[in-house]
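Thank you all for making the time this morning. I would like to walk through one model with you, beginning inside a sheet and ending at the boundary between two chains.

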Number of protein chains: 2
Amino acid sequence: MLFDFIYYNPTRIHFGKDSLNQLKGELESYGETILLIYGKNSIKKIGLYDEIVKILNEGGKKVIELSGVMSNPTYSKVLEGGKLVRENNVDLILAVGGGSVIDCAKAISVSAYCEGDAFTRYWINFEPVNNKIVPVGSVLTMVGTGSEMNGGSVITNEELKLKNGRVYPSEVYPKFSILNPEYTFSVPQYQMVSGIFDIMSHLMEQYFSGNDNNTTDYVIEGLLRSVIDNARVAIKNPNDYEARSNIMWSATLALNTMAGLAKEQDWEVHMIEHQLGAYTDCAHGMGLAAISIPYYNYIYTYGLDKFVRFAKEVWHVSPEGKTKDEIAKEGLVALESFIKECGMVTSLRDLGATKEMLPLIANSTVLGGGYKKLTAEDILTILEACY
Amino acid sequence: MLFDFIYYNPTRIHFGKDSLNQLKGELESYGETILLIYGKNSIKKIGLYDEIVKILNEGGKKVIELSGVMSNPTYSKVLEGGKLVRENNVDLILAVGGGSVIDCAKAISVSAYCEGDAFTRYWINFEPVNNKIVPVGSVLTMVGTGSEMNGGSVITNEELKLKNGRVYPSEVYPKFSILNPEYTFSVPQYQMVSGIFDIMSHLMEQYFSGNDNNTTDYVIEGLLRSVIDNARVAIKNPNDYEARSNIMWSATLALNTMAGLAKEQDWEVHMIEHQLGAYTDCAHGMGLAAISIPYYNYIYTYGLDKFVRFAKEVWHVSPEGKTKDEIAKEGLVALESFIKECGMVTSLRDLGATKEMLPLIANSTVLGGGYKKLTAEDILTILEACY
C-alpha cells in the first residue's frame with residue numbers, strides 16, 4: 001500500500017434469496033415519487049417487475065417508468081430520464097437490471113439538474129458535480145460491472161461515437177443495492193459468460209500494473225480463483241445457487257474500489273473495448289475477452305514478474321525448472337484455455353467488427369497502458385491479432 | 001455465499017503517510033467538545049499527541065482527556081470515560097491508539113447514556129442499544145484488532161473476571177479512522193508480532209468453519225498470504241513502510257466484517273484466549289498463538305477438507321502422493337513453524353499462566369467450536385497441551 005488513499009463505501013448491500021424483503025424498509029427513507037428504470041422485458045418474464053411494483057404501491061409511492069435501457073446505455077436515454085426526473089420531481093431513481101441500467105440511473109442522477117450539456121461537462125471534461133444529485137437504489141439482475149456498489153457510469157454518446165466511463169464520488173453510489181443470485185438464473189448463457197469475463201477483466205486491469213507487493217494483489221488473486229472455480233460450476237449448471245452467488249459477490253468486490261486501493265492500474269483493455277463497443281455494440285465482456293489475450297501477449301514482458309506471479313498464484317502453474325518467461329506464458333495459455341472452455345469470443349469478427357473498423361477503433365482509443373504505454377499503432381497490431 | 005447477509009460499512013478510512021492531514025476536515029462535522037482518549041505515553045513519545053492537540057486547538061475544539069487506557073480495557077475505565085462524556089456533553093470521542101483504545105472509546109460511546117449497568121446490559125445480556133450513541137473517530141497506532149472499521153468492543157470486567165466481546169451495529173463504528181503505517185514503526189517487536197498473529201487468527205477463525213465454497217474463503221487465503229509474506233519482511237526491518245502498510249490494511253480487511261460474510265465462523269480460539277487474558281492479562285495475539293496450534297491439532301480431522309485447502313492455498317503445500325491427513329498436518333506444521341519463526345509465544349507458562357489457572361480458564365470459557373463442539377474437558381486438554 002504505497003499510495004495514500006481514502007476508502008469510503010456507504011452502499012448498503014442486501015444479499016441473498018430473501019433480500020427483496022428489505023426494499024420496503026429502504027423506500028421509507030425517500031419521498032413518494034420513484035423513477036423505476038429497467039431494460040427490456042426480462043424483469044417482467046421472471047416476475048420481478050410485478051413484485052417490485054407491488055412493493056412500491058404498498059409503500060404508497062407514485063411510480064414513473066423509464067424502460068428500454070439498452071446494454072450500452074445512450075446519452076439520449078439519459079436525457080429522456082433527466083426530463084422525467086425534473087417534470088415529476090423524482091425523489092429516488094430505482095434501477096432494476098444489470099450494470100447498464102444502474103450506470104444509466106447514475107447518469108440520470110447527476111445529469112437531471114445539470115446546466116449545459118452533461119455529457120460534455122461530466123463524461124468529456126470530467127468536471128466535479130455541483131448540482132443536485134438524485135439518490136439511486138438498485139435491484140441487480142445481471143452481474144459483471146460492479147455498478148451496484150460504486151460510482152462508475154459508462155455512457156455511449158451516439159452522435160459523437162464515444163463510449164466514455166466516469167467514476168463519480170460516493171454521493172453518486174447507490175444508497176442500497178439488492179442482490180438476489182436467483183434473479184441471475186435466467187440470464188442467457190452468452191450474457192452470463194460475458195459478465196464473468198467482465199469481472200475477471202476488472203480484476204486483471206487492477207492487478208497488472210506496478211511491481212508493488214500490495215495486499216490488494218493478494219485479494220485479487222483470491223477473487224480471480226473464486227470466479228474461475230465458480231464459473232466452471234455455473235456454466236455446467238446455471239441454477240447452482242452457491243456458484244451464482246459467489247460469482248455475484250465476487251463481481252461486487254472486484255469493483256467496489258477495494259481491489260484497486262493504493263495501486264497503479266491499467267484499464268487499457270477497457271479503453272480499447274469501449275471503442276470496440278462504440279463501433280459494434282458488442283457484449284462488453286466478450287469484447288474484453290477477445291482483446292485480453294493479444295493485449296497481454298503483447299505487453300507481458302514489460303511486467304514479467306507480475307505475470308509470473310499471476311501464473312503461479314491464480315493458475316497454480318508450477319515454476320520448477322522453468323524460466324520466468326516460460327512461467328508467465330504458461331499462465332497466459334491457461335487464461336486463454338479458460339476463455340475457450342467457457343465459450344467466450346476470441347475473434348473481433350465474431351463480435352461484428354469489420355476490417356475497416358480496426359484503424360478507426362485504434363485511432364479513437366484513449367492511450368495508456370499499465371506496463372507499456374501504447375501508441376495507436378500498437379493498438380492496431382493488437383486488434384489485428386484478435387480479428 | 002449461502003446465507004443471506006447485509007453488508008454496510010460506513011467508516012471512512014484515511015490511509016497513508018499524510019492521512020493525519022484529513023483530521024481537520026473530519027472534525028468540522030462535530031461540535032466543539034472532544035474527549036481525547038489514549039493509552040500510556042507512546043503517542044507522546046512519537047510526537048503524535050502534540051500534533052493532534054495542535055489540530056484540535058486550531059479547529060477551535062475544547063479538549064477533555066482520558067489517558068491510561070490499558071491493553072485489556074477495563075469496565076471501570078469505561079465508566080470513568082462515560083462520566084466525562086456526560087459532565088462535559090462531549091460531541092466526539094477521538095481514540096488515539098490501538099484496538100484497546102478504540103474498543104474502549106466505543107464502549108464509552110454506548111455506555112455513557114445507558115440506564116442501569118451497561119456491562120450487564122450490553123456485554124452480558126447483549127441488549128440492543130437504544131440510548132444516545134456518542135460518535136467515535138480514531139487515529140490508529142497499533143494494528144491487529146480491526147477495531148478501526150467495525151463495531152467490536154472487548155471489555156474486561158475486573159470484578160466479575162470476565163473479558164467479553166460484543167459486535168455493535170454500524171452506528172457504533174468509527175465515523176472515520178486515520179491509518180498512518182509510520183505510527184506503527186515504534187511499536188515494540190513483541191507487540192507487533194502479537195498484532196500479526198491477532199490478524200491471522202481473525203482470518204483463521206472465520207475460515208475454519210463450514211464446508212462451503214465461499215468467495216470469502218478465497219479472499220481470506222489472499223489476506224493470510226499477504227500477512228505471512230509481509231510479516232517476514234517487517235520482522236527483519238520494522239521500518240519497511242510497504243510491509244507495515246500491507247499488514248495494517250490486511251488487519252482492517254480481516255475484521256471489517258467482509259471476511260466473514262455469509263459464512264459459519266468459529267471464534268473458539270478467541271473464546272479461550274479471552275479467559276486466558278482475564279486471568280493473566282497477557283498480550284492478546286500471543287495468547288492466540290499459543291492456543292491455536294493445540295486447538296487446530298485437536299479439531300482438524302473434523303474439518304479435514306478445509307485444512308487440506310488451507311495447506312495448499314495458504315502454505316503452498318504440494319498435495320502430490322499424500323493423503324488428506326498428511327496434507328492437512330503439513331499445513332499445520334507450516335503454521336507452527338511460522339509462529340516460531342516470528343518469535344511468537346507457544347507456551348501458556350510464558351504468558352504468566354499457572355497450572356492452577358488452567359481448569360479455571362477451561363470452566364469459564366464460552367463453549368462453541370467450528371468443526372467440533374467443545375466441552376470444558378476438551379478445552380482443558382487443549383490448554384494442557386500448550387502449557
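Let me start with a single pairing: V96(A) stands opposite V139(A), which belongs to strand 5 of chain A. Before going on, I should say that this is a predicted model, in which local features need pLDDT of at least 70 and side-chain atom pairs count only at pLDDT 80 or more, while totals for chains, interfaces and linings use all residues. Residues are numbered from 1 along each chain as its sequence is written, chains are lettered from A and ligands numbered from 1 in the order in which they are written, and side-chain values use heavy atoms, with hydrogens and water left out.

When I speak of helices (H or I, at least four residues) and strands (E, at least two), I mean DSSP runs numbered from the N terminus, and two strands pair if DSSP finds at least two bridges between them. With that in hand, strand 4 (residues 92-97) of chain A and strand 5 of chain A run parallel and are joined by 5 bridges. Strand 5 also pairs with strand 8 (residues 176-179) of chain A, again in the parallel sense, over 4 bridges, and there S138(A) is the residue opposite S177(A).

How many residues of strand 5 of chain A are buried? For strand 5, which covers residues 136-140, the count is 5 of 5, where buried means under 20% relative accessible area, exposed over 50%, and partly exposed in between (1.4 Å probe, protein chains only). Both faces are covered, with V136(A), S138(A) and L140(A) buried on one side and G137(A) and V139(A) buried on the other.

Now to three buried residues in chain B. T33(B) is found in strand 2 (residues 33-38) of chain B and counts as buried because its relative accessible area is 6%. Taking contact to mean heavy atoms within 4.5 Å, and not counting residues up to four places away in sequence, T33(B) touches K62(B), I64(B), N88(B), N89(B), V90(B), D91(B) and L92(B).

G82(B) sits in helix 4 (residues 75-88) of chain B, and this glycine is classed as buried because its relative accessibility is 3%. With residues up to four places away in sequence again set aside, G82(B) touches I108(B) and A112(B); its C-alpha is also 7.6 Å from that of Y113(B), although the two are 31 residues apart in sequence.

The third is T216(B), in helix 8 of chain B, which is buried because its relative accessible area is 2%. Leaving aside neighbours within four places in sequence, T216(B) is in contact with M1(B), M258(B), A259(B), G260(B), L261(B) and K263(B). From A259(B) it is 43 residues away in sequence but 5.5 Å in space, C-alpha to C-alpha, and the side chain of T216(B) reaches the backbone oxygen of L261(B) at 3.5 Å.

A short word on backbone angles. Most residues other than glycine have a negative phi. N89(A), however, has a positive phi of about 55° without being a glycine; this residue lies in the loop between helix 4 (75-88) and strand 4 of chain A, and is partly exposed because its relative accessibility is 46%. In chain B, K161(B) has a phi near 50°, also positive in a residue other than glycine, and lies in the loop between strand 6 (152-157) and strand 7 (162-167).

Finally, the interface. Here 44 residues of chain B are in contact with 44 residues of chain A. Strand 1 (residues 5-15) of chain A and strand 1 of chain B pair in the antiparallel sense over 7 bridges, with F15(A) opposite F5(B).

Which side chains meet in a salt bridge at 3.1 Å, N to O? They are those of R225(B) and E313(A), a salt bridge being a side-chain nitrogen of Lys or Arg within 4 Å of a carboxyl oxygen of Asp or Glu. Across the interface of the two chains, the rule finds 4 salt bridges. The elements giving two or more residues to the side of chain B that touches chain A are strand 1 (5-15), helix 8 (215-236) and helix 9 (241-254) of chain B, and the largest share, 11 residues, comes from strand 1.

Note on methods
A polar contact is a pair of N or O atoms within 3.5 Å; within protein, one must be able to donate a hydrogen and the other to accept it, and residues adjacent in sequence count only if both atoms are side-chain atoms.
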